[in-house]
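Reader: I am new to this structure and would like a close look at a single part of it, the aromatic pairs and what lies around them. Please take me through it slowly, with the background that I need.

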Amino acid sequence: TIAGYHFDVRVIGISNTGPAMFDYTSQFPGYITSSGASSFTMGSQTTSTTTIGTTTGWAVAITADTTKGGPNIMVTGAASTTIEWTATFIITKAMY
């Protein structure tokens with residue numbers, strides 16, 4: 001089976017640790033293709049097209065999950081900071 005996935009991911013992180021509130025949001029459009037059960041390739045657009053907030057140490061990355069077969073979201077936050085992360089995933093899949 002051959003499959004293609006187009007996705008649009010929107011991620012937001014928010015924290016009120018310390019004297020101020022910090023926030024970070026990113027939007028990632030991209031695609032993944034699959035030519036078999038465990039062969040997944042991330043498309044060319046895997047970097048954020050929109051990032052709002054410049055909180056040091058906070059980041060979001062999208063990778064291909066070759067075990068589960070789809071996109072994977074990885075978030076990073078600052079040490080000793082409680083962050084609430086939320087993601088919205090819009091995905092379109094085509095199979096042949």
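Author: A residue is called buried here when its relative accessible area is under 20%, exposed when the value is over 50%, and partly exposed in between. By that rule, buried residues make up 26% of the 96 residues in the protein. The model is a predicted one, and its confidence should be kept in mind throughout: the mean pLDDT of the protein is 77, and 75% of the residues score at least 70. Among the elements, strand β7 has the highest mean pLDDT, 87, whereas strand β3 (residues 39-42) has the lowest, 66.

Before turning to the rings, it helps to have the overall layout. The protein has 7 strands and 0 helices, so that from the N terminus on the elements read β-β-β-β-β-β-β. Of the contacts with a separation of 6 or more, 56% join residues that are 24 or more positions apart. The protein exposes about 6000 Å², and carbon and sulfur atoms supply 56% of that area.

Now to the part you asked about. A pair of aromatic rings is described by two values, the distance of the centres and the angle of the planes. The structure holds 2 aromatic pairs. One of them is formed by Phe7 and Phe89, whose ring centres are 6.1 Å apart and whose planes meet at 50 degrees, which makes the pair tilted. Phe7 belongs to strand β1 (residues 3-15) and Phe89 to strand β7 (residues 84-95), so this pair ties together parts that are 82 residues apart in sequence. The two partners can also be described by their accessibility: Phe7, at 0% relative accessibility, counts as buried, while Phe89 is partly exposed, with a relative accessible area of 34%.

The other pair consists of Trp58 and Trp85, and it is tilted because the ring centres lie 5.7 Å apart with the planes at 55 degrees, an angle that is neither under 30 nor over 60 degrees. This pair, too, links distant parts of the chain, since Trp58 sits in the loop between β4 (50-52) and β5 (59-65) and Trp85 in strand β7, 27 residues apart. Trp58 counts as buried because its relative accessibility is 6%, which is under the 20% limit, whereas Trp85, at 24%, counts as partly exposed.

The buried partners lead on to the interior of the protein. Phe7 and Trp58 are both members of the largest nonpolar core, which has 12 residues in all and also includes Ala3, Tyr5, Val9, Val11, Tyr24, Phe28, Ile32, Val60, Ile62 and Ile83. The elements that give two or more residues to this core are β1, β2 (22-36) and β5, and β1 supplies the largest share, 5 residues. One of the core members, Ile83, shows how Trp58 is placed: apart from residues up to four places away in sequence, Ile83 touches Trp58 along with Gly13, Ile14, Ser15, Gly77 and Ala78.

The surroundings of the phenylalanine pair can be followed through Asp8, which is found in strand β1. Asp8 is buried, with a relative accessible area of 14%. Leaving aside neighbours within four places in sequence, Asp8 is in contact with Gln27, Phe28 and Pro29, and also with Thr88, Phe89 and Ile90. With one of these residues, Gln27, the side chain of Asp8 makes a polar contact through the partner's side chain, at 3.4 Å.

A few residues of strands β2 and β4 add to the picture. Thr25 lies in strand β2 and is partly exposed, with a relative accessible area of 23%. The C-alpha atoms of Thr25 and the core residue Val60 are 8.8 Å apart, although 35 residues separate the two in sequence. Ile52, in strand β4, is exposed at a relative accessible area of 52%, and, not counting residues up to four places away in sequence, Ile52 touches Asp23, Tyr24 and Thr25.

A last point concerns the loop between β6 (70-76) and β7, where Ser80 is found. Most residues other than glycine have a negative phi. Ser80 is not a glycine, yet its phi is positive, about 60 degrees; at 76% relative accessibility, Ser80 counts as exposed.

Note on methods:
Residues numbered from 1 in each chain as written. Predicted model: local features only at pLDDT ≥ 70, side-chain atom pairs only at ≥ 80, totals over all residues. Heavy atoms only, no water. Phe/Tyr/Trp six-rings, centres within 6.5 Å; stacked < 30°, edge-to-face > 60°. Helix = DSSP H or I, 4+ residues; strand = E, 2+ residues; numbered from the N terminus. Buried < 20%, exposed > 50% of the residue type's maximum accessible area, 1.4 Å probe, protein only. pLDDT = per-residue confidence, 0-100. Contact = heavy atoms within 4.5 Å. Areas by Shrake-Rupley, 256 points an atom, 1.4 Å probe, with all protein chains shown as cover. Polar contact = N/O pair within 3.5 Å; in protein donor to acceptor, adjacent residues only side chain to side chain. Core = buried A, V, L, I, M, F, W, Y, C linked by side-chain atoms within 4.5 Å.
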